[in-house]
Amino acid sequence: MRRALLGVPLLALAACSGATEEPLLERPAGAGAPALVVPAAAAEAAYDGVDDPALDVALNEPVEDSVYPRIGDPGVDALHYDLDLAWDPDAEVLTGRQVLLLRSTEDDDELQLDLSPELRVGSVLVDGEEVDFRHEGKDLVVVADVEADERYELALDFEGTPLPVPAPTTRGDFATNGWTTMPDGSTWTMQEPHGAYTWYAVNDHPSDKALYDIAVTVPEPFTGIANGELVDTTEADGLRTTTWHLAEPAASYLMTIATGDYVLTEDESASGVPIQYWVPRERQRLARALAPTPEGLAWLEEILGPYPFDTLGILLVDSESGMETQTMITLGMTDYTTSPAVVVHELAHHWYGDDVTPSDWRDVWMNEGMAMYLQGMWEAEQEDYTLEQLMDYWASFEDEERAAAGPPADYDPATFGESNIYYGPALMWHELRRDLGDELFLELVRAWPAEHQNATSSYDEITAWWSERSGRDLAGFFDDWLLGEVTPARG
Ligand SMILES: [Zn+2]
């Protein structure tokens, strides 16, 4: 997740489509603004209906979140979202059509998704038949008789002016989540732990990963940018449509979309991963700051194994922070958030967070502890201090962070993403490394994501795996570090 720069000295650097058969949806012309029409079938159907076995990689057993139970619904197992989105930056209107292929996890007479009330739903179809629905707050409740383990196609259209939602955090670098519109009409999103529902109808929970195809239409010179591979660009009548295919299932908090006047620069890692840098036309000097990205990626691949995705994007946006998103890192345009340390941190999440994802927000420590620890290892190689010195420094304030926001795996829900989920778990991994030795520890650090590709995982599964694979009973060790009110003694 995104890191802010804390007010601490040098050593703390890190504080760091389916069918589109229905009629097109047309936005009513606003006050003097031209109507922006969603193009027909911008995203081709990537899958052969709900029963396509290629969708099975997105099968999950969604759970109700223990920290934020109001978001997401365990009755829905989303498999594939096909989003056709059109953004009118003058009128600030988002028009969307989506087709969601899903599995119901239970017998019920309703399906529930998350969708901001700012987006007005026109109609909802289930398997091609129009159905009733209620849109109460952010809950979109679709009336449909569904059976456990059966698959359905849910199509809907919506329109409105998206607004971000308050973020459950006390952090200074972000107060809201979701779709964010800048004064020039450009847009971006960050949405951890939730907020994808500000721009599409979604089961907005990390236990429900899904595949995506996204088409974004904007007036030139804007370009729409989303996750995955850019598979098509068309330009007609002053409108530009980009089409994106995401081949690996993603948690909704890791989806992103940005629109603006962007310049694309292409590069490639030493291991052959295509890298796309998306930098706003007016901020091209920042492209130079991103030049060390292939070096950072190569360093991580040496430790963690091959980069887990087919493509990598680096997207600069008007945020104060940075965040890993699926196949992409989305960075605010500050000196800190475009620094190599932050780039390494966010890239590390592509193994720890994006490839294997916590199934419950209590376990965001799985992402942040390891990304922070790897960032620390990288910094210690770059700077004139040792990893031990850095760990001692982190330990000098970690207890205060734990006292302020709670234990890393039992934190105050109003303090999402505070430093307690970063430094304590990073110190924990360092202690375990000293106990297990470099060879076994680093072997397991590499094996965990490699053996859980595209998966989600719980506290019990993570900790049991480490016990089993290390040959030690680590249950007490993990509980002390992750659930303890007081920082355990270090070795
Ligand atoms: Zn992070």
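This short presentation describes the fold, the confidence and some backbone details of one protein chain.

Good morning. The structure I am presenting is a predicted model, so let me begin with confidence. The mean pLDDT of the protein chain is 92, and 91% of its residues reach 70 or more. There is one stretch to set aside: over residues 4-43 the pLDDT is below 50. That stretch nevertheless has 98 contacts in the model beyond near neighbours in sequence. Where pLDDT is low, the predicted coordinates should not be read in detail. I shall therefore not interpret those contacts in detail.

Next, the overall dimensions. The C-alpha trace of the protein chain spans about 65 × 55 × 40 Å along its principal axes. For a compact globule of 491 residues one would expect a radius of gyration near 23 Å, and the chain has 22 Å, so the two agree. Of the 491 residues, 51% count as buried. The secondary structure of the chain comes to 9 helices and 23 strands.

How are helix and strand divided between the annotated regions? Two records are useful here, both from unreviewed UniProt entries. UniProt lists residues 79-254 as "domain: Aminopeptidase N-like N-terminal". Over residues 79-254 the chain is 0% helix and 61% strand, and the end C-alpha atoms of that range are 15 Å apart. For residues 306-481, UniProt gives "domain: Peptidase M1 membrane alanine aminopeptidase". Over residues 306-481 the chain is 52% helix and 11% strand, with the end C-alpha atoms 30 Å apart.

I turn now to the strands. An open sheet of 8 strands runs in the order 5-4-8-2-1-12-15-14, and its pairing is mixed. Strand 5 (129-131) and strand 14 (229-236) form the edges, each pairing on one side only. From one strand to the next, the twist averages 20 degrees. Within this order, strands 2 and 1 stand side by side. Strand 1, residues 76-88, and strand 2, residues 93-104, pair in the antiparallel sense over 12 bridges. As an example of the register, Tyr81 has Leu100 in strand 2 as its bridge partner.

The loops deserve some attention as well. Most residues other than glycine have a negative phi, and most peptide bonds are trans. Which residues depart from this in phi? Glu92 has a phi near 55 degrees, and Asp149 has one near 70 degrees. Glu92 lies in the loop between strand 1 and strand 2, that is, in the connection between the antiparallel pair just described. Asp149 lies in the loop between strand 7 (139-146) and strand 8 (151-160). Are these residues buried or exposed? Glu92 is partly exposed, because 16 other C-beta atoms lie within 10 Å. Asp149 is exposed, because its count within 10 Å is 12 other C-beta atoms.

Finally, the peptide bonds. A cis peptide bond joins Glu192 and Pro193, with omega about 10 degrees. Pro193 is placed in the loop between strand 11 (187-190) and strand 12 (210-219). The bond from Glu220 to Pro221 is also cis, with omega near 10 degrees. Pro221 is found in the loop between strand 12 and strand 13 (223-226). Strand 12 is thus flanked by loops that hold Pro193 and Pro221, and strand 12 also belongs to the open sheet, between strands 1 and 15.

That concludes my presentation. Thank you.

Definitions and conventions:
Residues are numbered from 1 along each chain as its sequence is written. This is a predicted model: local features need pLDDT of at least 70, side-chain atom pairs count only at pLDDT 80 or more; totals for chains, interfaces and linings use all residues. Two strands pair if DSSP finds at least two bridges between them. Helices (H or I, at least four residues) and strands (E, at least two) are DSSP runs, numbered from the N terminus. Axes are lines fitted to C-alpha atoms, for helices over the stretch in contact, and angles run from 0 to 180 degrees between N-to-C directions. pLDDT is the predictor's confidence in each residue, from 0 to 100. Two residues are in contact if their C-beta atoms, placed from the backbone, lie within 7 Å. UniProt positions are given in the numbering used here, feature names are shortened, and annotations may be inferred rather than shown by experiment. The radius of gyration is taken over C-alpha atoms; the globule rule is 2.2 Å times the number of residues to the power 0.38. A residue is buried if 20 or more other C-beta atoms lie within 10 Å of its own, exposed if 12 or fewer, and partly exposed in between; C-beta atoms are placed from the backbone.
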